[in-house]
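This report accompanies a single structural model. Please keep the sequence and the coordinates at hand while reading.

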Amino acid sequence: MLDDIATFDWQAADAAYHLHPFSDHKTLHQEKIRIITGADGVFLTDDRGNRILDGMAGLWCVAVGYGRRELIDAATRQMQSLPFYNTFFKTATRPVIALAERLTAMAPGDLNHAFFACSGSEAVDTALRMARTYWITKGKPEKRVIVGREYGYHGSTTLGAAAGGMVDMHRQGARLPDFDHVMPPYWYGYGGQMSPEEFGLYAAKQLETKIKEIGADNIAAFIGEPIQGAGGVLIPPETYWPEINRICRENDILLIADEVICGFGRTGRMFGAETFGITPDLMTLAKGITSGYIPLSAVLVGDRVADVLINETGEFYHGFTYSGHPVACAVALANLDILENEKLPERAARMGDVLRAKLDAALGDHPMVGEIRHIGLIGAIELTSDKRTRRFFEKRGRVGTICRDHCFANNLVMRAVRDTMVFSPPLTISEAEIDEMVARATRAIEATYDAVR
Ligand code: PLP
């Protein structure tokens, strides 16, 4: 085993050979990167012997916590009986059929069919291809524009990045024609004097304005995350999604809920669509579907689109070698057992409120904390240079990065999005671990305040 070779310089080898995702490689190796060597429950261990509280559940994905025997056993059993077979040419495997049946039974509304892929990005790509194929089949090929939102994140394939609203990604080859964006329901940042409810309606109405500008006849679909995660955990006011539902219906525009983060209990219900009253035509799922133990994603397809794809389109020229990988599907089934048996969505709702109350008590009055927001076990601490006027820091992102580093120094993983500290711990986190998380976050924010004021 390589990790027995104590003298091997992992950091040097990483710098020499490994290109990291979403990283500036020039600055990445100015300090020694941490090598994560193990994990258990909500804690990671690194090569220096630190025990780090993972306030991000990996990348929003390790819902059931690390080290779950049930998932390891499910993978082992499936690897032994059938490690791989594809689902292309009139074949399937039992795990993929069982998972399709299970997911569609769990899902809200009429999402009665499932298509599988490996990553959230591929699921989004698939949903967009399905939406456009639907309109082409219906004889309306001009309905092809996809409307997303600023600060939306829908993955890193070119279609997903174009649908997302991250301008840095657009600049690097992902600005495509027939993609457009509207404002996010970011009350803290853009709400001004409006109440959250007023602002929710206002933000949703921007879609109506965009539709008037482009023409409903040219728009295939609107895509949105129930909560914009990578955009800074932007939790929409209650009024937002019902209005988006109405606008999409009235303009005959398909609605895609990107539940890659929100799905599988994170918001306190199994799906974000249930928490916010969204009625999607298509839903993308990943991350929590296997708690990140193995890559898998899915698109759930509502009857309207499925009927056309099944009965009218003919062959849908799309799929992946690992669509419905049997080992990944077996792990997903074991993961769903845990989510349901341990009632993790309900637990997320309960523990999220506990976490929020403790954060409010520790940090609510802090001069640099503008807003603490959460639903279930996803939330954010918005740092501000002026609490009263909700002013952003001058150089956006600098303070957030400092705070993220202080979190790491305190053995806590929290992610910084601009100057907002976001969290999404495993849904299994205990009250004692929440106390630890809040204590570490408080130390990090105080150290950041001392450093920047
Ligand atoms: N959609 C959403 C809402 C996401 O948050 C992400 C990843 O964070 C993706 C899609 C892309 O998923 P992946 O990184 O698995 O491709």
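The sections below treat the ligand surroundings, one helix, several strands and three backbone outliers in turn.

**Ligand surroundings**

The model discussed here is predicted. Around the ligand lie 15 residues, of which Ser 119, Gly 120, Ser 121, Gly 155 and Val 260 come nearest. Sorted by class, this shell consists of six nonpolar, seven polar and two charged residues. The element that gives the most to the shell is helix 6 (residues 120-137), with three residues.

**Helix 16**

Helix 16 (residues 398-409) has twelve residues, and at 1.5 Å a residue these should span 16 Å; the C-alpha atoms at its ends are 17 Å apart, which agrees. When the helix is viewed down its axis, the buried residues of helix 16 fall within an arc of 160°, so they line one face of the helix. An α-helix has 3.6 residues a turn, so residues three or four places apart point the same way. The buried residues in question are Val 399, Gly 400, Cys 403, Arg 404, His 406 and Cys 407. They pack against four strands and a helix, namely strand 12 (378-383), strand 13 (412-413), strand 14 (415-417), strand 15 (420-423) and helix 17 (431-452). Just after helix 16, Asn 411 adopts a positive phi of about 55°.

Strand 13, one of the packing partners of helix 16, also belongs to an open sheet. This sheet has four strands in the order 1-2-3-13, with mixed pairing. Its edge strands are strand 1 (36-40) and strand 13, each of which pairs on one side only. Strand 3 (residues 51-54) runs parallel to strand 13 and is joined to it by two bridges. Within this pair, Asp 54 has Val 413 as its bridge partner in strand 13.

**Strands 5 and 10**

Strand 5 (residues 145-149) is mostly covered, with five of its five residues buried. Burial extends to both faces: Val 145, Val 147 and Arg 149 lie on one side, and Ile 146 and Gly 148 on the other. In a regular strand the side chains alternate between the two faces of the sheet. Strand 10 (residues 297-302) is likewise mostly covered, and six of its six residues are buried. On one side of strand 10 are Ser 297, Val 299 and Val 301, and on the other are Ala 298, Leu 300 and Gly 302.

The pairings of these two strands are set out below.

| Strand pair | Sense | Bridges | Example of bridge partners |
|---|---|---|---|
| Strand 5 and strand 7 (residues 219-224) | parallel | three | Ile 146 and Ala 221 |
| Strand 5 and strand 6 (residues 179-182) | parallel | four | Ile 146 and Phe 179 |
| Strand 4 (residues 111-117) and strand 10 | antiparallel | six | Leu 111 and Gly 302 |
| Strand 9 (residues 282-285) and strand 10 | antiparallel | four | Thr 284 and Val 299 |

Ile 146 thus has a bridge partner in strand 7, Ala 221, and another in strand 6, Phe 179.

**Ala 298 and its environment**

Why does Ala 298 count as buried? A residue counts as buried if 20 or more other C-beta atoms lie within 10 Å of its own. Ala 298 has 29 other C-beta atoms within 10 Å, and is therefore buried. This residue is situated in strand 10. Leaving aside neighbours within four places in sequence, Ala 298 is in contact with Leu 103, Ala 114, Phe 115, Phe 116, Ala 123, Leu 285 and Ile 289. Ala 298 and Thr 126 are 172 residues apart in sequence, while their C-alpha atoms are 9.0 Å apart in space.

**Positive phi at Val 233 and Asp 252**

Two further residues deserve attention for their backbone angles. Val 233 has a positive phi of about 50° although it is not a glycine. Its place is the loop between strand 7 and helix 11 (240-250). Asp 252, also a residue other than glycine, has a positive phi near 55°. Asp 252 is found in the loop between helix 11 and strand 8 (254-258).

Which of the terms buried or exposed applies to Val 233, and which to Asp 252? Val 233 is buried, because 25 other C-beta atoms lie within 10 Å. Asp 252 has 12 C-beta neighbours inside 10 Å and so counts as exposed.

Technical notes
Residues are numbered from 1 along each chain as its sequence is written. This is a predicted model: local features need pLDDT of at least 70, side-chain atom pairs count only at pLDDT 80 or more; totals for chains, interfaces and linings use all residues. A residue is near a molecule or strand if its C-beta atom, placed from the backbone, lies within 6 Å of it. Ala, Val, Leu, Ile, Met, Phe, Trp, Tyr, Cys and Pro count as nonpolar, Asp, Glu, Lys and Arg as charged, and the others, Gly among them, as polar. The expected span of a helix is 1.5 Å times one less than its number of residues. The arc is that of the directions from the helix axis to the C-beta atoms. Two residues are in contact if their C-beta atoms, placed from the backbone, lie within 7 Å. Two strands pair if DSSP finds at least two bridges between them.
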